[in-house]
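Reader: I've got a structure on my screen and I'd like to zoom in on one part of it. Could you walk me through a sheet and whatever packs against it?

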Amino acid sequence: MSKALDGVKILDFTHVQSGPTCTQLLAWLGADVIKVERPGVGDITRGQLQDIKGVDSLYFTMLNHNKRSITIDGRNPQGKAVLEALVKTCDVMVENFAPGALDRMGFSWERVQELNPRMILASVKGFGPGPYEDCKVYENVAQCAGGAASTTGFDDGPPLVTGAQIGDSGTGLHLALGIVAALYQRNATGRGQKVLCAMQDGVLNLCRVKLRDQQRLAHGPLTEYPQYPDGEFGEAVPRAGNASGGGQPGWILKCKGWETDPNAYIYFIAQAPVWEAICDVIGKPEWKTDPDYAKPPARLPRLKHIFNTIEQWCMTKTKFEAMDILNKYDIPCGPILSMKELAEEQSLRATGTVVEVDHPTRGKYLTVGNPIKLSDSISEVKRSPLLGEHTDEILRDVLRLDEARITEIKASGALGATPTRAAAE
């Protein structure tokens, strides 16, 4: 079966997480992603957080599936010539270098356009144009600068970052959409263009409901926040603990076993349309007609008491038992699932959301598969490449170089020592 992005060639100058997230997604959708790495070194994450000595780390393998690796020394004249030939051949160049690095490598936007007017140059940066645009940014910095940290945590505690990589991976996902849009537009215009995703912008986009609440503050307290009615609201959106980001009150509640299991919890939403069912399930039928509880506005000042009461019911059930009961009444809820539980969940294996991959040096490991499911473009998760594994293949099959020219480039030292496909297998 053909893939959605068959025929699209991506020149991948990315490293660490934000850029590789983007190019891996494009590879899953069928693009031929050519990852350019430094000879002998490669993407820095190959050696970061290693759990098996001398083997590519899970940090690297889980961000670089379905790609081909070529090693090139761009400072070597022969290496520079190979890079320029790849720019002429490929459709998209993706990079997440520090600001100005691509220009110093000799690949300014003007130079890229000279080599290939149809090229799409896609970049991840920490900040967009402004006072901080030259600053280097990492995941947690982006979460802080984009508004996530200031609105995460409990009101009486410090700002918190989330375990979800909304700065790096979140921005990579935004960039992938921008690339696909630019490819679509190129069909009409014939021209390439620049695509920029700033990590601050990506995080703020994911925090849009908090910017909504910032404007609502001008018209009174945020009644669905746990600070209402007894707490105070300042000039900025406060941290709201586990309160829902929408208009439906929600909270994380203990379930049976919470004393020993740190994840024996459930998220419970006290949705207005199913309020009467909630009252029946938790053994409070009188709340259905009590003027202090019957209507949503009356319940808002009493949410802490309401959730404490619901929690007493939840603590008599495991999180899965509670789920089974609540779902029968369409009461919105969800278990707090640990990484161990997710890794073992068979339904996620069946859909390809969690995939077991076999690696020639690491062996078998679990990874996250393509979260985007297309009915006519089924994703396959293939292992990440060894450093420089596809160097000869790319020179021969992509750039159409003959053996004499390949031998000449190798002799110049531009490619470094690279493993063969046979050695990889």
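Author: Here is a close look at one sheet, with a little about the whole chain before it and a second group of strands after it.

Keep in mind that this is a predicted model. The protein chain has 18 helices and 11 strands. Its C-alpha atoms fill a box of roughly 85 × 45 × 40 Å along the principal axes. Of its 425 residues, 44% count as buried. If you take contacts between residues at least 6 apart in sequence, 66% of them join residues at least 24 apart. As for the surface, the chain exposes about 21,200 Å², and 54% of that comes from carbon and sulfur atoms.

Now for the sheet. It's an open one, built from 3 strands in the order β7-β8-β9, and the pairing is antiparallel. The edges are β7, residues 250–254, and β9, residues 333–335, each of which pairs on one side only. Going from one strand to the next, the twist averages 20°.

Put your cursor on β8, which covers residues 265–269 and pairs with β9 in the antiparallel sense through 3 bridges. If you want a spot to check, find isoleucine 266: it stands opposite proline 335 in β9.

Two helices pack on this sheet. Helix α12, residues 303–314, touches β7 and β8, and its direction makes about 40° with that of β7. Helix α13, residues 319–328, touches β8 and β9, with its direction at about 160° to that of β9. So β8 is touched by α12 and by α13, going by contacts of heavy atoms within 4.5 Å.

For a parallel arrangement to set beside it, scroll back to β1, β2 and β3. As a reminder, strands of a sheet pair through backbone hydrogen bonds, either parallel or antiparallel. Strand β1, residues 9–13, runs parallel to β2 and is joined to it by 4 bridges. One pair to look for is aspartate 12 with its bridge partner in β2, lysine 35. Between these strands the chain passes through helix α1, residues 18–28, in a right-handed β-α-β crossover.

On to β3, residues 67–71: 5 bridges join it to β2, and the two run parallel. Here valine 36 has isoleucine 70 in β3 as its bridge partner. Strand β2 itself spans residues 32–37, and because 5 of its 6 residues are buried, it is largely enclosed by the rest of the structure.

Technical notes: Residues numbered from 1 in each chain as written. Predicted model: local features only at pLDDT ≥ 70, side-chain atom pairs only at ≥ 80, totals over all residues. Heavy atoms only, no water. Pairing = 2+ DSSP bridges. Axes fitted to C-alpha atoms, helices over the stretch in contact; angles between N-to-C directions. Buried < 20%, exposed > 50% of the residue type's maximum accessible area, 1.4 Å probe, protein only. Right-handed = clockwise from strand over helix to strand, strands pointing away. Areas by Shrake-Rupley, 256 points an atom, 1.4 Å probe, with all protein chains shown as cover.
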